Every structure is written in C-alpha cells, then in structure tokens.
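Colleague: Please pick one part of this model and take me through it closely. I'd like to hear what surrounds it and how it is held in its setting.

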Amino acid sequence: MPPLFSAPALHRRRLLRHAAAFALVLLAVALLFLLLVHPRSLGTPSPSPSYGHRLPTLVDLTLVHGAKEKGAVCLDGTPPGYHWLPGFGDGSNKWLLHLEGGSWCRNRTSCDHRKKTSLGSSAYMETRVEFVGILSDDKAQNPDFYNWNKVKIRYCDGASLSGNVQDEHQYGATFFFRGQRIWEAVMAELLPKGLARAKQAFLTGCSAGGLSTYIHCDDFRALLPKDSTVKCLADGGFFLDVEDISGRRYMRGFYNDVARQQDLRKRFPGCSSDMEPGQCFFPQEVAKGITTPMFILNPAYDVWQIEHVLTPDGSDPQNLWQDCRMDITKCNTKQLEILQGFRKSLLDAISEFKKKRGWGMFIDSCFIHCQSMKSLAWHSPSASRINNKTVAEAVGDWFFDRREVKEIDCEYPCNPTCYNVVLEQPYQEG
C-alpha cells in the first residue's frame, strides 16, 4: 500500500505544527505581559492589586451593639458598622483605624437620597469589604502596618462624624444627625476588644473621613494610655475655602448648609463667632487646635476638589472644563495656570502646619484622590514617589520617627512617577 503522504507533505505538516506551537507560546507571553504590566493613567483605579501579590482579605461587617439605645445611629436610624481585622505577631497590640469617606449631605433632598445608600444606612452596607492599601495585611503592599489590628469605620451620618442633633424630625421627615454619638459608640465597642491596651495607635481617614480625622484626632489620643504612641493621618481631607472659577465660594456655601443643618457650631467652640458656620468646618480651622502629631497626605491637584471646589456645578456653564476635570493631560494652558494657583492655595493653607513639631506631610503633584486606600497608589511599582519614597514608605518613616517627613512635590507635570487617574465619569458629591 503506498504511503498516505509524501516526504514533502510530511515536512510541511511538521512545519505547520511547529508554527502553531510557536504562535501559542507568543499568545501566552502576550497575555502574561498584559496581566503584569499596568499603565500609569487608568480609569478609576481598581482597589485590588494586580502586580503579583495575593488577593485582598475580605473582612466582615459588624454592627455596633446597643447603638439604637444610645441614639448612635445612621441617617435612617439603622445601627452603624465597622470591619475589624485582628492583628497578629508583634502587631497584636497595635491598632490602625480608618474612617471612611463619602462627601456630605446639605439638605433634605441630598440627605433623603443618602438614606438609601451605604452612606446613610447600614441596611445598604456591603457585608464584606476588601482591605487594601493602608488596611492591607500583605507585607508587600503595606510594609509597616500589615500585621496590626485594622478597623474600617463606616460613614453614615452625612457630616464627618460630627453632628449630635437630638430631634430626629427635620424638614417634615425623619433624619438622625448623630455622627458624634456614632464615633463614641464605635470607640466604646473597640476599647475593650484591645484598643484600650494599644502600645501604638494610628487614626486615619480619607476624604470626608480625612476631615473626621482632623475633628477626632485629639479625642482619639485622650482615649488611650498616656505611654502609648498615638498619631493621626488625613488623606485627601484638606478641603480648601477658596473661590471657584466663577468667583463664588461654593464650598463655603456647601459647608454652611451642612453646619446649620447639623448644628455644628457647638462642636467647634473655639471657632470665632464672626465666622460663618461653614468656615469652622474647614480643616485649616479644625487643625489649628490639634496637639496630637498629624500627617497631611494630599495631592496638590486633588481630583475631587478640582471638580467640586474649583469647578463645581454652575461655575462652568459652557463646559469648558469638562475634559480637564476628568483628565489633567487635557487641560489647556490657561486651565493649568488656574490649577497651579489652586496648588499655591493649598501650600499657603498648610504652611502654618509645616512648622509644627512632630507633624508630617506628603503633597505630591498628582491628579488623584484618597491615595492610602488604593493599593497601586499606596505602595506598588506604579505608586507616585517623592525623593524615591512611596506614600507608604514616607508615612512609615514619619510614624516610627525614622526621619522627618515634610515632602512637597514640584509643580505638575514635573513628577514622572505620578499615578494620575483618568475619570470615566464625574465624581458624585455624595
């Protein structure tokens, strides 16, 4: 019987098999490359790490016991909550608390909407959340605090844990403005779990939670042993009292509404009586009385503030800032001049705190918001650096007194390591 294939045909088949195998190898290499390499400018960054470390730990929600009896409730009357990841090894007697952010509500409409979200009701809170960035228990992601007790305190009162209005009947509806009571109830629950015996403790917060950190930093210090090391960090929480591009002080008006609604003037007795109530709520005023060591972590071009403080609704009727406020690389020369002025306003506002002994700061020239809660921005090959230090390294150096950390970056676009976000849609106010 003659052979089915001639020698040349067999040779061609072998070549085809080798070519197919080589193509598969190339495809596998390409896929691996896509998985391992990530660009510096992305959409709203995923909190999950994608650079070779293990997946984040999921931590269950705990509702505060007996909160309703204390009146320490969310906007809708549900109990507040937190997520606790116990420490291990030499971190078992060290505690890091993180106050969640999420803007504020200023009137019945915005607070009513908020009641139907996790920012106003524990009924809508996720039962498990990922612990990433400063909350990560992976040493590669969080070298200095990975094995500490870590607690994420959920935000559901609409005023940075500062209100305490007894009457829940507002605007002909029911709203509980009880942020101060929530703070006290959560602390009362954590102290017997080990916080009261902490050798080292660190109160942190992001955005509206960063403002909460300024408000409660000294309160936190007062709860803990005098011989323990206690410090605080506010990330993306230094909101500025400046004019927007139309010449209005939009953010002051916003804060005035929040302060009047939740009767906040009594929360800040040191605030001058000739100031508007909202002025007392700005970090520049709150921070003046803080005696506990504080770290100010803020991008000079905070993407949330560019949108809601500098170019808020109504300030840009022709939508000239629409592209710039979503992607800093699309800002024109005039817009960049205005952004540099905004950066100068931030540096002027924090200048008095730069002189305070024991305080630290990291002001990078990036277009981002809340860097401590994004694993890629906190500590990764893609993280922004000042003097070759990531945010995590700078914060660790400051907390453990390895060096003085008062880092202020040069103007955009000078820092090639910046991790700049590109928004796919605008940030929501709350």
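**A close look at strand 10**

Modeller: Some background before I zoom in. Of the contacts in the chain with a separation of 6 or more, 76% are between residues 24 or more positions apart. Keep in mind that this is a predicted model. The chain has 430 residues, and 57% of them are buried. You'll find 11 helices and 12 strands in there. The exposed area comes to about 18800 Å², with carbon and sulfur atoms supplying 55% of it.

My pick is strand 10, which covers residues 294-299. Six of its six residues are buried, so the strand is mostly covered, taking buried as under 20% relative accessible area.

Now look at where the side chains go. In a regular strand they alternate between the two faces of the sheet. Here M294, I296 and N298 point one way, while F295, L297 and P299 point the other way. Both sets are buried, so check either side of the strand and you'll find residues that are under the 20% cut-off.

Next, the neighbours. On one hand there's strand 9 (residues 229-235), which runs parallel to strand 10 and is joined to it by four bridges. Within that pairing, C232 stands opposite M294. On the other hand there's strand 11 (residues 360-364), again parallel to strand 10, this time with five bridges. There, I363 is the bridge partner of N298. M294 and N298 belong to the set that points one way from the strand.

Stepping back, strand 10 sits in an open sheet of 10 strands, ordered 4-1-2-5-3-8-9-10-11-12, with mixed pairing. At the edges stand strand 4 (128-131) and strand 12 (406-408); each has a single partner strand, so one side of each is left without a neighbour in the sheet. On average, neighbouring strands of this sheet are turned by 20 degrees against each other, direction ignored.

The parallel pairings around strand 10 aren't the whole story. Elsewhere in the sheet, strand 1 (residues 57-63) and strand 2 (residues 81-85) pair in the antiparallel sense over three bridges. T62, for instance, has Y82 of strand 2 as its bridge partner.

If you want a helix to set beside the strand, try helix 4 (residues 179-190). Of its 12 residues, 10 are buried, so helix 4 is largely enclosed by the rest of the structure. Among those buried residues are R181, W183, M187 and E189.

Conventions. Residues numbered from 1 in each chain as written. Predicted model: local features only at pLDDT ≥ 70, side-chain atom pairs only at ≥ 80, totals over all residues. Heavy atoms only, no water. Helix = DSSP H or I, 4+ residues; strand = E, 2+ residues; numbered from the N terminus. Buried < 20%, exposed > 50% of the residue type's maximum accessible area, 1.4 Å probe, protein only. Contact = heavy atoms within 4.5 Å. Areas by Shrake-Rupley, 256 points an atom, 1.4 Å probe, with all protein chains shown as cover. Expected span 1.5 Å × (residues − 1). Pairing = 2+ DSSP bridges. Axes fitted to C-alpha atoms, helices over the stretch in contact; angles between N-to-C directions.
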